[in-house]
Amino acid sequence: MLPPLMVYRLIPEMTHYILAIDQGTSSTRCILFDRESRLIARAQAEHRQIYPQPGWVEHDALEIWETTQAIIRQTLDTAGCQARDIAAIGVTNQRETVVVWDKLTGQPIHHAIVWQDTRTDVLCHLLEAEVGQDRLRSKTGLPIATYFSGPKLQWLLDHVPGARQRARLGELLFGTIDTWLIWNLTGGVHVTDPTNASRTLLMNLATLDWDLELLELMDIPRSMLPEIRSSSEVYGHALGTLQGVPVAGDLGDQQAALFGQTCFGVGDVKNTYGTGCFMLLNTGQEIMRSTHGLLTTVAYRLGNQAPVYALEGSVAVSGALVQWLRDNLGMIRSAPEVESLANTVTNNGGIYIVPAFSGLFAPYWLSDARGVIVGLTRYVNKGHFARAVLEATAFQTREILDAMRQDTGHVVASLKVDGGMVGNDTLLQFQADLLDAPVIRPRITETTALGAAFAAGLAVGFWQDQEALRRLWQEDRVWQPRMPEAQRARLYADWKKAVTRTFNWID
């Protein structure tokens, strides 16, 4: 009998595709890629956003799993292929969203608590009371904030009747969405990877393992936590529709986008424009501590290789602000209409929208901030609102890039971009103008799914190495800056003033 590693290396010769599951905040995608990284088939479905109270955001984890199964079948039907045609499965996910479920039945004990949720504000204040917000940064690379998974898990154990006792008895399992999907795909393999584990406030960045001191601090039983494996290895094999296919890639969505953009070199940087906005800068094997409000996180780990780290700037609201303009204000009927509405005017009319709906993330980390609209006059119309919505994303991106420059001394020569908003030419031109640097969109903008596919493909030999992946990446379009420096400086100064108006809103 051939040893398992040799079996996996033979698999790609009989197969044609890698399947990526991209489970995001508002929807789930399933995409098939071939050896040239071409998108062969795709399916997507939204899931409900549940808002029990102001500041609370939940998802139904069972609905997400059911949706995932449906779009897997749809993708295979569209491509006219079967499980035997697929070399491996890669999973990528919204990162800090928390699920706790019964080990035997697979039933969640509560809705998933989403990364945007702010209900753990009191817990976070208690954690930081003695030493401050950076109490855990030396171990985790993170400030104490409602964004991260550990306090959410602590809240569930404290508030769901009987949960803490059941967890101590070994009856409950915890996971972020990647863990939840892999557990269901494989019929019980309970794993995560360092990119997701590094977002919990529970993992030690240096050891890449759960930290007992942090678990004790939040009173979390270690037995309910998944095993931390690398981002690229065979964790198990799928059941059901994908029977026998290796599940071999696992990356948090933003790290997957970094990987899909082939940002493998120190100093490579990408920005993803999705529900939120996330910029990552590859720092290689160095754990770089930020002094300007950025996160230190794991970028990826391939098999037994040393981990690669990154600095990250996280913005809570970017594409979600377009949805707010559509759903809450009714100014547009569909998200793509925001660009045409914005182009009915030549500037923002003097208004700035700072979308601190769940507080401010990087570089401020203020959970008591709330959103503001400033600069209103009778002159302002819907077009100015639409333009201000787009500009808010670009301004927040500029703040993150400034922080990265201050932390590293590295001047970014260009910015690779991806995500749902990068079809918006008006946004990307304004982004290039505001950064005074070229903005580059790749040919394949589904880079989050592509990154998960790359990780899975490397694990089974579908692609040989990272150099082979670099050769697959192709540029689609570049936006060059053309705004005068004086105008750029004035707009950014007004934005910074607008941001200060959000501070200390919640007592």
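**Exercise 1. Classify R333 by its solvent exposure, and examine its pairing with E337.**

*Solution.* R333 has 74% relative accessibility and therefore counts as exposed; the classes are buried for under 20% relative accessible area, exposed for over 50%, and partly exposed in between (1.4 Å probe, protein chains only). This is a predicted model, in which local features need pLDDT of at least 70 and side-chain atom pairs count only at pLDDT 80 or more, while totals for chains, interfaces and linings use all residues. Residues are numbered from 1 along each chain as its sequence is written, and side-chain values use heavy atoms, with hydrogens and water left out.

Next, consider the partner: E337 has 24% relative accessibility, so E337 counts as partly exposed. The side chains of R333 and E337 form a salt bridge at 3.6 Å, N to O; the term requires a side-chain nitrogen of Lys or Arg within 4 Å of a carboxyl oxygen of Asp or Glu.

**Exercise 2. Determine which parts of the chain the salt bridge between R441 and D476 ties together.**

*Solution.* Begin with the distance: the closest N and O atoms of R441 and D476 are 3.0 Å apart. R441 lies in strand β22 (residues 439-442) and D476 in strand β23 (residues 475-479), so the pair links parts that are 35 residues apart in sequence. Strands (E, at least two residues) and helices (H or I, at least four) are DSSP runs, numbered from the N terminus. Finally, compare exposure: R441 is buried, with a relative accessible area of 12%, whereas D476 is partly exposed at 43%.

**Exercise 3. Place the salt bridge of R95 and E312 in its wider setting.**

*Solution.* The two side chains, of R95 and E312, meet at 2.6 Å, N to O. R95 belongs to the loop between β5 (86-93) and β6 (98-102), and E312 to strand β18 (residues 308-315), so this pair ties together parts 217 residues apart in sequence. Both R95 and E312 are buried. Salt bridges with shared partners join R95, E96, R199, D253 and E312 into one network. The model's count of salt bridges comes to 35.

**Exercise 4. Check the length of helix α2 and describe its ends.**

*Solution.* The expected span is 1.5 Å times one less than the number of residues. For the 19 residues of α2 (residues 61-79) this gives 27 Å, and the end C-alpha atoms are 27 Å apart, so the two agree. At the N-terminal end, D60 caps α2, with a side-chain oxygen 3.0 Å from the backbone nitrogen of L62. After α2 comes G80, whose phi is positive, near 65°. The buried residues of α2 include W65, I71 and L76.

Methods:
Polar contact = N/O pair within 3.5 Å; in protein donor to acceptor, adjacent residues only side chain to side chain.
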